[in-house]
Amino acid sequence: MPPSPCSSKSNRLPDITENSADTLVYDREILNIGSSDFILIDEVSVKEEKNVKTYCTQIAYKTKSAFKRKNIPKRLPFLQWWPTYTKENCIGDLLAGITVGLTLIPQSMSFAALAGLTPQYGLYGSFIGSIMYVFLGTCKEVPMGPTAIVSLMTYNTLNGLGPVYGTLLCFLTGVIQLIMGVVGLGFLIDFISGPVNAGFTSAVAILIVVSQVKDIIGIRAVGSTLLDIVVSLFKDIENFRVGDIILGSTCIVVILLLRMLALIHIGSEEDSQRTKFQQIINRTMWLIGTFRNSIVIIVTTFIGFVYVSSSGHDVTSNELPPIPFKVIGKIPAGLPDFDFPKFSITRDNGTTVGFFEMVSDMGSGVIVLPIIALIENLSICKTFSLGKPIDATQELLAIGLCNIGNSFFHAFPGTGSFSRSAVNAGSGVRTPMGGLYSGILVIVALLFCTPYFYYIPKSALAAIIIAAVIFMVEIRVVKPIYRSKKSDLIPGLGTFIACLLLHMELGILIGVGLNLISILYHAARPKLSIRVNTTRSGINYLMMTPDRCLIFPSVDYVRNIIIKHSLKQNLPVVIDCSHIYGADFTAAKVIELLTIDFSRRGQLLFFYNLKPSLVNVFEGVRPKDFNIRLFYESREIDQLLLKHMAVNNTSED
């Protein structure tokens with residue numbers, strides 16, 4: 001190949017000046033313009049026209065296929081592991097189930113208080129769903145029940161409406177999750193990116209901590225945003241109780257120390273190299289640390305019992321006992337009645353509130369809460385899947401049905417818990433059967449232990465919540481995000497700030513919106529590589545290569561870049577379409593205008609390796625005088641340029 005005219009000093013092309021992100025590259029080096037952050041691929045193919053009837057047919061087909069004999073084990077996953085269930089599996093699941101149950105009981109009562117409900121509603125949501133997940137769930141580590149994030153969202157959604165609304169919210173949450181699983185709407189979860197999820201989780205953790213300060217210092221406070229809660233705290237700060245402060249602070253310190261104890265290991269790093277004594281000591285410390293919540297509840301309940309008994313207070317009365325700290329008070333004994341959620345209620349003044357008005361009272365949380373609950377559960381499944389694929393559809397169905405089942409026992413929404421999943425895995429759970437034993441333990445607590453729950457200090461429950469959620473603030477992800485891609489901090493920080501200052505549902509929507517804006521911006525600014533090439537005959541031409549499909553946000557930008565550099569260089573232009581997999585009507589119109597513009601000023605424009613499907617798109621808007629020059633072999637460019645140069649010279653003569 002002869003040397004390029006561009007390579008000589010005298011024939012060097014003039015500088016091309018762009019913004020700070022764009023630089024001129026001489027000879028055969030490439031000029032890159034635009035964003036390379038996202039490359040969108042949209043295969044254009046002939047698709048069947050869909051209407052309502054088509055979608056109904058597809059849903060009916062999916063529903064019918066779900067009940068085929070070969071698909072039953074997928075929809076009832078316990079059929080896959082039950083035939084090979086052994087006595088060793090039973091022992092492992094029993095120990096893990098009891099361990100998780102002892103963690104679940106105090107946590108569920110704490111999370112009920114966080115949701116603005118009395119403690120028994122946390123227990124109501126901790127046994128049926130846990131048992132149902134044994135038969136429907138795919139991840140053995142997932143323990144169904146109340147969680148901190150879902151409980152806080154329940155509090156914001158109910159906003160003091162009461163347990164009847166909480167039960168309806170649980171039912172609607174399950175129905176929405178079930179529908180998402182049936183019709184395949186799980187992809188909506190993909191719109192919540194890692195940085196947005198981290199910002200949301202961190203903001204929720206801070207909100208939870210601030211919301212529990214009221215019980216730590218023994219005052220009243222309400223609010224759904226950080227500012228509301230802080231203002232409410234300062235309004236009642238003069239009524240603080242020293243007893244609650246001492247007891248709550250002590251409980252937080254003890255829980256954190258016991259948590260550290262569970263992480264201590266004596267002896268060699270390898271468990272097989274430790275002595276029997278070291279293994280026993282390590283296991284004992286792990287158990288004490290794991291049961292830290294139960295230990296704190298048992299000890300503080302005994303303290304509460306001693307104080308209440310010494311005061312001579314009648315525990316059957318509705319008045320609070322005259323002791324230095326607040327206690328939970330009376331809790332209904334026994335299991336909750338099986339009952340359908342209330343779809344309408346009658347107020348004290350005799351007016352009836354219908355179903356749609358009840359849903360309207362709860363607001364957008366009815367839609368956002370199920371999605372957040374699914375994200376939390378699927379995150380657990382991904383964490384413990386060890387790289388194996390997870391059946392997201394089955395998890396959607398399982399969590400949805402579990403919430404529907406919980407709603408018949410007066411529960412509020414729940415999902416899988418990260419903290420209890422870690423306990424479950426560390427306890428050696430073998431199958432989802434561990435959830436059965438946890439559920440049975442909660443039932444036993446409801447049947448026989450509720451009289452003793454009266455003496456549990458509220459500050460102890462608040463301490464359990466605070467000690468659990470302070471580790472949810474994801475400070476550790478900031479540095480990796482900064483090193484990886486600084487712009488990802490924008491949606492993360494935006495979500496964090498919005499969730500603190502606004503309602504959480506609005507905060508998460510703002511985060512998703514920032515993500516979509518980022519995606520659309522990069523889609524609208526595709527990367528173009530521009531180089532000056534030389535044919536074997538010594539003819540220079542400008543090669544421009546877009547790196548992604550042409551869609552309406554980007555086509556004007558691409559057109560302006562092509563026109564700008566084609567006018568500066570005044571060379572034939574070849575657009576390499578190898579990376580263009582899709583285009584739309586707007587792109588076709590722009591290509592039409594671009595071709596006409598080149599034709600009017602007599603400058604050659606060629607399209608290299610244009611997909612046949614894209615040719616069809618462009619032909620859809622082609623007028624009679626529209627002529628698009630195509631070629632598919634790189635060696636053809638020499639012949640094409642020579643041919644057109646000869647034609648131009650002849651016409652000039």
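Phe135 is partly exposed, with a relative accessible area of 37%. The model described here is predicted.

**Aromatic contacts**

Phe135 pairs with Phe78: the ring centres are 5.1 Å apart and the planes stand at 90°, so the pair is edge-to-face, given that angles over 60 degrees fall in that class. Phe78 belongs to helix α3 (residues 78-81) and Phe135 to helix α6 (residues 128-136); with their positions 57 residues apart, the pair links distant parts of the chain. The count of aromatic pairs comes to 17. One aromatic cluster is formed by Phe127, Phe171, Phe338, Phe340, Phe343, Phe355, Phe356, Phe408 and Phe409.

Charged side chains also sit over rings, as in these two cases.

| Charged residue | Ring | Distance to ring centre |
|---|---|---|
| Lys486 | Tyr482 | 4.7 Å |
| Arg601 | Phe598 | 4.4 Å |

**Helix α20 and the largest core**

Helix α20 (residues 458-469) has 12 residues, which at 1.5 Å a residue should span 16 Å; the end C-alpha atoms are 17 Å apart, in agreement with that figure. Of its 12 residues, 10 are buried, so α20 is largely enclosed by the rest of the structure. The buried residues are Ser459, Ala460, Leu461, Ala462, Ala463, Ile464, Ile465, Ile466, Ala467 and Val469. Their cover includes α4 (87-114), α7 (148-158), α9 (194-217), α11 (242-262) and α13 (292-311).

Two of these α20 residues, Ile465 and Val469, are touched by Ile208, which also contacts Leu114, Ala148, Ile149 and Leu152, leaving aside residues up to four places away in sequence. Ile208 is among the residues with the most contacts inside the largest nonpolar core, along with Tyr133, Ile192, Phe200, Met362, Ile372 and Phe453; this core has 104 residues. Helix α15 (residues 365-384) gives the most to it, with 11 residues.

**The second core and strand β7**

Another core, of 31 residues, lies apart from the largest one and includes Met544, Val558, Ala588 and Leu594. Met544 is part of strand β7 (residues 540-546), in which 7 of the 7 residues are buried, so the strand is largely enclosed by the rest of the structure. Asn540, Leu542, Met544 and Pro546 point one way from β7, while Tyr541, Met543 and Thr545 point the other way.

Strand β7 pairs with two strands. With β6 (residues 528-534) the sense is antiparallel, over 7 bridges, and Thr534 has Asn540 of β7 as its bridge partner. The hairpin of β6 and β7 has 5 residues between the strands, and its Gly538 takes a positive phi near 85°. With β8 (residues 573-576), β7 runs parallel, joined by 3 bridges. Here Met544 has Ile575 of β8 as its bridge partner.

Terms used:
Residues numbered from 1 in each chain as written. Predicted model: local features only at pLDDT ≥ 70, side-chain atom pairs only at ≥ 80, totals over all residues. Heavy atoms only, no water. Phe/Tyr/Trp six-rings, centres within 6.5 Å; stacked < 30°, edge-to-face > 60°. Helix = DSSP H or I, 4+ residues; strand = E, 2+ residues; numbered from the N terminus. Buried < 20%, exposed > 50% of the residue type's maximum accessible area, 1.4 Å probe, protein only. Lys NZ or Arg CZ within 6 Å of the ring centre and 35° of its normal. Expected span 1.5 Å × (residues − 1). Contact = heavy atoms within 4.5 Å. Core = buried A, V, L, I, M, F, W, Y, C linked by side-chain atoms within 4.5 Å. Pairing = 2+ DSSP bridges.
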